[in-house]
Amino acid sequence: MKLKINDIEVEVEDGSSVFQACVAAGVEVPHFCYHDKLSVAGNCRMCLVELENAPKPIASCAFPAADGMVVRTDTPSVEAAREGVMEFLLINHPLDCPICDQGGECDLQDQSLGYGRGTSRFADNKRAMPEQYLGPLIKTFMTRCIHCTRCVRFATEIAGVEDLGLINRGEEAEITTMGRALDTEFAGCLVDVCPVGALTSAPYSFAARPWELNHAQSVDVSDGVGSNIRVDSRGRQVLRVLPRLHEEVNEDWIHDKARHAIDGLVRQRLDRPYLRTPNGKLTETNWDTALTILAERMASCEAERMAALAGNLADCDSLYALKSLFAARGCQNIDCRQEGGELGSGDLSAPVAWLFNSTIAGIEEADAVLLIGCNPRDEGALINARLRKRFLQGVQGGVLPIAQIGAEADLTYAVESLGNSPQALEQLLAGTGFAEVLAGADKPLIIVGAGSAARPDGKALWEGLRRLSEQVGAVGQSTWNGFNVLHSAASRVGGLLMGFVPTQGGNGGKGGKGTAEIIQAAEAGELDILWLLGADELGNSAPDENSRENPYEKLGKTFVVYQGHHGDLGASHADLVLPAAAWPEKEGLYVNTEGRVQTANRAIFPPGEAREDWKIIRAVSGALAKQSGGGVVLPFDTLPQLRQKLFADHPVLAELDKPQKAEWSQWHATQSELNFSQEAFTPIVPDFYRTDSISRVSETMARCSAVRQAARSGSAEQIFPQTGSPLFDLAPQEGLSPQEVEAS
Amino acid sequence: MTTAPIVKTSSWSPPHKAGNAEAQEAFHFSEENRAKLNQAIARYPEGRAASAVLWALYLAQDQNGGWLSEAAIVHVAEVLAMAPIRVQEVARFYTMLNTENKGRWRVQVCRTTPCWLRGSDKITAACLKAAGVSHLGEVSADGAVSVEEVECLGGCCNAPVMQINDREYYEDLSPEQAGEIVRDLRQDKLPTHSGSQTGRIASEPVGDKP
């Protein structure tokens, strides 16, 4: 279709609107209610344009483009129409920009400057509306609302919580939930889509003006999706996190843990090295002492009696540095799978067995979905949003069939439950029930939670899924690989791709120790040094330490080195604490569940004497060399040098922002009998808001978690009045030396 | 042509005394109303039951004594497989749907041009006075009556006109008659007859026949 916009010829696809044609022509059309990712409402009327032969201006967002249209956006009548619309929008909008948090990044402010009349003719009283309670993350000023209904459409369409609506009409119109709590993990996005200051971020309220902030492009590490984010900081504090558009990963959205766990960055920080004294107390020490003690211990330790475990937030650079250090010592007892399981080693060493092979964007092509042992809403909220998007699109003649084996949960779309234990898989393997639906689909999609691999029957489960995938034709096509593993840890796929797992068959055929064996060895006193690289969720990624046996208690007499940034489980059981930078305080490579390598940039400096992880490991290698009289020093002094080595050793990590292409044929069948356990799948992420050492100390996340629990148990009203007070403690951080303040 | 006699009011009984706690707590369509609603749903394609929401709300309001309680709205949402907030949006948009208890008798005075020219303002004032309320929409202290102004009821030839509980018309009103009706309603006494209060038949001309 060819159109003319302001004399610019433009070609657009069928089904485009006049607005989209204007965008394609590079012509700016002011708008409020239109949002690229939401349905069209056409109620703000700001996008009026002139169409040749039309009797009056048309709302371009809701008007289908047609061949040969001649559109003008620069005529006096369009300008007058915009001024008129603007004047009406401003009639009831308060003139409180100086005290409004949206000020400086407000669509209404900007557009009234660009397209408004400049003065007001309205002399009567403006209406005022009472505030709404929309959860602990949203601060409302409903008087400022212009009724664009973007938030209503976002909640209904993307978040899948149909609780927000526009009631009454005319001057009494208001956005409300009618007293129901919004149980969504995308509350922050409601603030994002609001074009005015009606919905603002409660934790960020009155913290800063947009022009005061420094921006750093980064990647979310709170789950395995690798959402693209922008970190806004001022001085030495991260003040907010916003999503960056990435169509293939997170689109326009991020979930609330990615956005609002940042207040955890200033709590419980490890800002100097600590050493456990003989009386059992952790006491402050300095880097020299810490490095010397560690080097002494390592120099005198047999390679067999050392081990390293990496946690969920580790970046590829530090994983690589630690792996190199242990390799240089001849030690193979390293594991990045702190919850256990065999993904990435043995029979499951082929990448295709532990990647999200269809890619996240590929979900939109699937025409039948099986979820097994995972709750995508909690383990990868953006992947769940993509599944919902696919669900809403539907399939030819009906709804997208989605079935689940695992604990039932509200996933925001219709799911058929096939049972709660892997035995349901046996029926699928027999080709009955939902297996017929999968087999009949062109592009069947199977998603399994990576945490399920840590079950006792994890290997049987994976073999069963391998067979099922082949049986229903989810794999083997040249263009479609529907076998997907959903990782909920940001560090996992990077660790697996670089082989941060115990070596097979090395060490005289004995091989290295994995997580479970390392903990066993520590308990049996067969281990002298255990290095935890941010490993705070050993044995199980469940954060609730009451609900499980605590593997940290088993570490016994082992000298435990904890390298990390928060005083969580790992640090409290450590003998030596090496303070490290948290994710916004360092550059890092992270690999998401698709195997997409992405870079995170540094936004702020680490507090106190904390240092970047790779630098700490490099310093230990230096101290170790000094100790043992010229041993191996890690061959890099700068991050670029480290990356060069990393990319040379692992070329798969060198290509940025591309999902891995894994070959199905590399995953070989095992002849083993499938012995599924009757044990039900347990949720891998029992509390969405509290999964890592940062979110566990975040007050905002604690509040969100409490509200969700209350909402799900039906007592939401009890916590009703807690509309956000600023959660940020903006006092300067403790533990900064004057030099460091200067350096920043 | 002489037409049928005035409609007998005996065919309709006073609505049940809604507004008390029990009535608000639970709401289920009566079998009769459910059957009517099913007919309405059947008019739309499969899976489009939500299209019948206005008819469902009308039936629910009628059954619930002239207003839609929260329970009624939730029940409609359940029956039509909609989110309750979507039904709320509809219920609160239309002025003929009440989301507050308006009393057992809702007096709806027409205020559109012909009735207004024939003195609807005075009718409204008389009704308000008889109901003992100060403004439109307010329910009288005894919970019996509320007065509201509505747009054209289509009885222009017998203006001024008012309607009671979406049903019976009272035409050719004088302020005195209107006040009398409202006072009777407060005692749950139905007017003896609906239609023209001057005895006019079929909108015949007033005065001597030619």
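# How the terms fit this predicted model

Q: Which residues of α4(A) are buried?
A: They are A:Arg150, A:Cys151, A:Val152, A:Arg153, A:Phe154, A:Ala155, A:Thr156, A:Ile158 and A:Ala159. Buried means under 20% relative accessible area, exposed means over 50%, and partly exposed lies in between (1.4 Å probe, protein chains only).

Q: What should I know about the model first?
A: It is a predicted model, where local features need pLDDT of at least 70, side-chain atom pairs count only at pLDDT 80 or more, and totals for chains, interfaces and linings use all residues; side-chain values use heavy atoms, leaving out hydrogens and water. Residues are numbered from 1 along each chain as its sequence is written, while chains are lettered from A and ligands numbered from 1 in the order in which they are written.

Q: What makes helix α4 of chain A largely enclosed by the rest of the structure?
A: The helix covers residues 150–159, and 9 of the 10 are buried, so it is largely enclosed. Helices (H or I, at least four residues) and strands (E, at least two) are DSSP runs, numbered from the N terminus.

Q: Why does A:Gln404 count as buried?
A: A:Gln404 has 2% relative accessibility, so it counts as buried. This residue sits in strand β18 (residues 402–405) of chain A. Beyond neighbours within four places in sequence, its contacts (heavy atoms within 4.5 Å) include A:Leu371, A:Cys374 and A:Leu411.

Q: Why is B:Tyr94 called partly exposed?
A: Its relative accessible area is 36%, so B:Tyr94 is partly exposed. B:Tyr94 lies in the loop between α5 (84–93) and β1 of chain B.

Q: How do you know that strand β1 of chain B is enclosed?
A: The strand spans residues 105–110, and 6 of the 6 are buried, so it is largely enclosed by the rest of the structure. Both faces are covered. B:Trp105, B:Val107 and B:Val109 are on one side, with B:Arg106, B:Gln108 and B:Cys110 on the other.

Q: Why are β1(B) and β2 of chain B said to pair?
A: Two strands pair if DSSP finds at least two bridges between them. β1(B) and β2 (residues 145–150) have 6 bridges, in the parallel sense. B:Val107 stands opposite B:Val147 there. β1(B) also pairs with β3 (residues 162–164), in the antiparallel sense over 3 bridges. In β3(B), B:Ile164 stands opposite B:Val107.

Q: Why is the link between B:Asp166 and B:Arg106 called a salt bridge?
A: A salt bridge is a side-chain nitrogen of Lys or Arg within 4 Å of a carboxyl oxygen of Asp or Glu. Here the closest N and O atoms are 3.3 Å apart. B:Asp166 is in the loop between β3 and β4 (168–171) and B:Arg106 is in strand β1, so the pair ties together parts 60 residues apart in sequence. B:Arg106 has 4% relative accessibility, so it is buried. B:Asp166 has 17%, so it is buried as well.

Q: How do you know that A:Arg708 and A:Asp183 form a salt bridge?
A: Their side chains meet at 3.0 Å, N to O. The pair links distant parts of the chain, 525 residues apart. Both residues are buried.

Q: What makes A:Asp575 buried?
A: A:Asp575 has 18% relative accessibility, so it counts as buried. Its salt-bridge partner is A:Arg276, at 3.7 Å, N to O. A:Arg276 has a relative accessible area of 24%, so it is partly exposed.
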